[in-house]
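The following exercises are intended for a first-year student who is learning to read a protein model. Please attempt each task before turning to its solution.

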Amino acid sequence: MTSHGERRETSAAEIVFRGVTKRYPGRRVAAVSDLSLVVPAGEICVLVGPSGGGKTTAMKMVNRLVDMTEGDILIDGQSVRSLNTIELRRQVGYVIQHVGLFPHMSVADNIGTVPRLLGWPKPRIRERVSELIELVGLDPDEHPDAYPAQLSGGQQQRVGLARAMAADPVVMLMDEPFGALDPITRARLQDEFLRLHNELRKTVIFVTHDIDEAIKMGDRIAILREGGALVQYDTPDAILADPVDDFVARFVGADRSLKRLALKRLSEIELAAPNGSEPSGPTVLASTTLRDALALMLGEGSRHLTVIDEGGRPAGQCTVEQLGELLARPVHEHAT
């Protein structure tokens, strides 16, 4: 079996929405209105907004589960309108909130569904299934022969994720994939998916109604309002630092400065040199987020933290004033 470090590079595709509109007969307000944006290859674009904002409709138009009324969507320069719908859907991974596993099929058979439809040889399917079971953190001895009813919700979601990746798609669509899970399992699977994405670099369109999930998961965030109108499309840091209007400011929340601190870790900032031989303030790992670092300083009544690396060696110091200066800096990198 191919190990994680030896996995081949997988391809990713740029997705372009060009003036995409979806209207349903008899409805006064469009479901999606003149949506134009570019999702760079290998990035996660999160569609977020209130109920009725057209998030899922916009996503489903990528694999033509919903047909657009006007405009076009291009995958690596090719219009989805020009592609056979069955072939298109086999090439696009799709993960939904309630998984949709086939209850009469084993885990291995569920994961191998699309490769079988594509006519892969049985040995290749078995190898791919084994690889994915390990990749998504399932037990390679216990789970291949299990059935969905024998799995927890988190395990079922992992199987759904493996099934979506089975044919090595260049694009993945994820419709509130973790929304039905308890908070602990949800956070664990979010972290697991981000680890996988860092390794595989698929182009992902991710739908959620949760702005905190959007900030955590997205390289870029598209905020839609009722009627599917795009209000702001940018990096999480840029949106939190500079909401385009009151709607976005209310949506991201009054604590957006604290949310910005959660986007960076101590290892990503320039730390002050250690002050003397004695630690100054509580000691934390460099992998700690700036938000957690601030919370620790407030909780301990300290204005300093001593930062250490994974090996326990001093990496520097962080202060409350330094975090305040970071928040005051403008965001220079904005999305296209």
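The exercises below concern this predicted model, and each task is followed by a worked solution.

**Exercise 1. The protein as a whole**

Task: Determine how many helices and strands the protein has, and how its radius of gyration compares with the globule rule.

Solution.
- Step 1. The secondary structure consists of 13 helices and 13 strands.
- Step 2. The radius of gyration is 22 Å, and the globule rule gives 20 Å for 336 residues. The two values are close, so the protein is as compact as a globular protein of that length.
- Step 3. Along the principal axes, the C-alpha atoms fill a box of roughly 65 × 55 × 35 Å.
- Step 4. Of the 336 residues, 49% are buried.
- Step 5. Consider contacts between residues at least 6 apart in sequence: 66% of these join residues at least 24 apart.

**Exercise 2. Surface and charge**

Task: State what share of the accessible surface belongs to carbon and sulfur atoms, and how far apart the mean positions of the positive and negative charges are.

Solution.
- Step 1. The accessible surface comes to about 16300 Å². Carbon and sulfur atoms account for 48% of this surface.
- Step 2. The protein has 38 positive and 46 negative charges. Their mean positions are separated by 7 Å.

**Exercise 3. Strand β7 and its partners**

Task: Decide whether strand β7 is largely enclosed or open, and identify the strands to which β7 is joined.

Solution.
- Step 1. Strand β7 covers residues 171-175. Five of its five residues are buried, so β7 is largely enclosed by the rest of the structure.
- Step 2. In a regular strand, the side chains alternate between the two faces of the sheet.
- Step 3. In β7, V171, L173 and D175 point one way, while M172 and M174 point the other way. The residues on both sides are all buried.
- Step 4. Strand β6 (residues 92-96) runs parallel to β7 and is joined to it by five bridges. Within this pair, V92 stands opposite V171.
- Step 5. Strand β8 (residues 203-208) also runs parallel to β7, with five bridges between the two. Here D175 has V207 as its bridge partner.

**Exercise 4. Strand β9 and the hairpin**

Task: Establish in which direction β3 and β10 run relative to β9, and find which residue of the hairpin takes a positive phi.

Solution.
- Step 1. Five of the six residues of β9 are buried, so the strand is largely enclosed by the rest of the structure.
- Step 2. Strand β3 (residues 44-48) runs parallel to β9, and four bridges join them. One bridge pair consists of V46 and I221.
- Step 3. Strands β9 (residues 220-225) and β10 (residues 229-234) run antiparallel and are joined by five bridges. Across this pair, L224 stands opposite L230, and I223 stands opposite Q232.
- Step 4. The hairpin of β9 and β10 has three residues between the strands. In this hairpin, G227 takes a positive phi near 90 degrees.

**Exercise 5. Positive phi outside glycine**

Task: For R64 and E176, give the value of phi and decide whether each residue is buried or exposed.

Solution.
- Step 1. R64 is not a glycine, and its phi is positive, near 60 degrees. R64 is placed in the loop between α1 (55-60) and β4 (70-75).
- Step 2. The relative accessible area of R64 is 19%. The cut-off for a buried residue is under 20%, and R64 is therefore buried.
- Step 3. E176 is likewise not a glycine, and its positive phi is about 45 degrees. E176 belongs to the loop between β7 and α7 (183-200).
- Step 4. E176 has a relative accessibility of 17%, and therefore counts as buried.

**Exercise 6. A loop and a distant residue**

Task: Classify A273 and E268 by accessibility, and give the C-alpha separation of each from G316.

Solution.
- Step 1. A273 lies in the loop between α11 (256-261) and β11 (283-285). E268 is also found in the loop between α11 and β11.
- Step 2. A residue is exposed over 50% relative accessible area. A273 has 59% and is therefore exposed.
- Step 3. E268, at 46% relative accessibility, counts as partly exposed.
- Step 4. A273 and G316 are 43 residues apart along the chain, yet their C-alpha atoms are separated by 4.8 Å.
- Step 5. E268 and G316 are 48 residues apart in sequence, and their C-alpha atoms are 12 Å apart in space.

Definitions and conventions. Residues are numbered from 1 along each chain as its sequence is written. This is a predicted model: local features need pLDDT of at least 70, side-chain atom pairs count only at pLDDT 80 or more; totals for chains, interfaces and linings use all residues. Side-chain values use heavy atoms; hydrogens and water are left out. Two strands pair if DSSP finds at least two bridges between them. Buried means under 20% relative accessible area, exposed over 50%, partly exposed in between (1.4 Å probe, protein chains only). The radius of gyration is taken over C-alpha atoms; the globule rule is 2.2 Å times the number of residues to the power 0.38. Contact means heavy atoms within 4.5 Å. Accessible areas come from the Shrake-Rupley method with a 1.4 Å probe; for residues, only the protein chains shown count as cover. Lys and Arg count as positive and Asp and Glu as negative; His and the chain ends are not counted. The place of a charge is taken as NZ of Lys, CZ of Arg, CG of Asp or CD of Glu.
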